[in-house]
Amino acid sequence: MKSQPFLVTLVLLIFFSCSKEELTESIIKQRLAEINQLGTVEYDLSKVLIVDDEQWYTYGERKALINIEANVVAGIDFKKIEVTNLVPNNSIDLKLPDPEIILLNIPPSKIRFSVLKASFARSEFTNDELNQIQIMGEEDIRKKIDELGILKEATKNSKSFLKNWFKLLGFKTVNYSEL
């Protein structure tokens, strides 16, 4: 336990000694590329699918009620950020790429079939039909991402992260434009 203050001091010295180097455009690009993709927003979404497979040429009905829960992570690809103007230890101008979905995860354990019902004259849903219903659910979730403003929030959070990061590196102003 007594070595913790020494360790903290050592880490701080290394951090600050590394940050004193002249920050050139190539060094900044390298550091941004090391971050790679940064997820700046995460949402848990759910979708309820109601399927009523009743058609004029069939006798009887088939119904399904399916709950799908998805985890969405969005952010920007830091490798695609362009440095358009750099005044060392003063200001930096950046062009940001469009935000993107980094992860859309729908684990099988989060797909629940609440109701699967077929009348006596109809066959049960096949696995292929259930898979197609799940694909429709995923497509619906992807469409909702724009409506919910998830990508806009990812951009906003990315700008906030970059502003704080560059301020720690010694820049006074950080300006953005879109690619």
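**Entry 1: S91 and its strand**

I began at S91, which, leaving out residues up to four places away in sequence, touches N85, L86, F171 and T173. I am working from a predicted model throughout. I located S91 in strand β4, and I then asked whether S91 is buried or exposed. Its relative accessibility is 13%, so S91 counts as buried, the cut-off for that word being under 20%.

**Entry 2: the sheet around β4**

From S91 I moved out to the sheet, where I found three strands in the order β3-β4-β7, forming an open sheet with mixed pairing. I noted that β3 (82-87) and β7 (173-178) are the edge strands, and because each has a single partner strand, one side of each is left without a neighbour in the sheet. On average, and with direction ignored, neighbouring strands here are turned by 15° against each other.

I next looked up how β4 is joined to β7, and found that β4, which spans residues 91-96, runs parallel to β7 and is joined to it by six bridges. As one example I picked D93, whose bridge partner in β7 is N175.

Which helices did I find packed on this sheet or lying across its strands? Helix α2 (residues 25-35) packs on the sheet and touches β3 and β4, its direction making about 135° with that of β3. Helix α4, residues 150-168, lies across β4 and β7 and runs at about 150° to β7.

**Entry 3: V83, on the edge strand**

I chose V83 because I wanted a residue of β3, and V83 lies in that strand. Its relative accessibility is 8%, and V83 therefore counts as buried. Setting aside neighbours within four places in sequence, I listed its contacts as E25, I28, K29, I92, D93 and L94. For the last of these I also looked up the spacing: V83 and L94 lie 11 residues apart in sequence, and their C-alpha atoms are 4.7 Å apart in space.

**Entry 4: β2 and its partners**

I then turned to β2, a mostly covered strand in which 12 of the 16 residues are buried. β1 and β2 run antiparallel and are joined by 15 bridges, and within this pairing I noted that G39 stands opposite G75 in β2. β2 also pairs with strand β5 (residues 100-105), in the antiparallel sense and over five bridges; there, I found that the partner of A74 in β5 is I101.

Within β2, which covers residues 62-77, I stopped at N71. At 15% relative accessibility N71 falls under the cut-off and so counts as buried. What does the side chain of N71 make polar contacts with? I found one such contact with the side chain of E42, at 2.8 Å, and another with the side chain of D44, also at 2.8 Å. Leaving aside neighbours within four places in sequence, the residues in contact with N71 are E42, Y43, D44, L103, L104 and N105.

**Entry 5: the nonpolar cores**

For the largest nonpolar core I counted 21 residues, and those touching the most other members are I66, I68, I133 and I141. At least two residues of this core come from each of β1 (37-52), β2, α3 (127-147) and α4, and the largest share, six residues, is supplied by β2. I followed I66 in particular: not counting residues up to four places away in sequence, I66 touches K47, V48, L49, I111, R112, F113 and I133. Apart from this core lies another, of 18 residues, which includes I28, I76, L94 and L169.

**Entry 6: the chain as a whole**

I closed with the overall tallies. The protein chain has four helices and seven strands, and along the sequence I read them in the pattern α-α-β-β-β-β-β-β-α-α-β. Of its 179 residues, 32% are buried. How much of the contact network joins residues at least 24 apart in sequence? Among contacts between residues at least 6 apart, I noted a share of 75% for those joining residues at least 24 apart. Finally, the protein chain exposes about 11500 Å², and carbon and sulfur atoms supply 55% of that area.

How values were computed
Residues are numbered from 1 along each chain as its sequence is written. This is a predicted model: local features need pLDDT of at least 70, side-chain atom pairs count only at pLDDT 80 or more; totals for chains, interfaces and linings use all residues. Side-chain values use heavy atoms; hydrogens and water are left out. Two strands pair if DSSP finds at least two bridges between them. Axes are lines fitted to C-alpha atoms, for helices over the stretch in contact, and angles run from 0 to 180 degrees between N-to-C directions. Contact means heavy atoms within 4.5 Å. Buried means under 20% relative accessible area, exposed over 50%, partly exposed in between (1.4 Å probe, protein chains only). A polar contact is a pair of N or O atoms within 3.5 Å; within protein, one must be able to donate a hydrogen and the other to accept it, and residues adjacent in sequence count only if both atoms are side-chain atoms. A nonpolar core is a set of buried Ala, Val, Leu, Ile, Met, Phe, Trp, Tyr and Cys residues joined through side-chain atoms within 4.5 Å. Accessible areas come from the Shrake-Rupley method with a 1.4 Å probe; for residues, only the protein chains shown count as cover.
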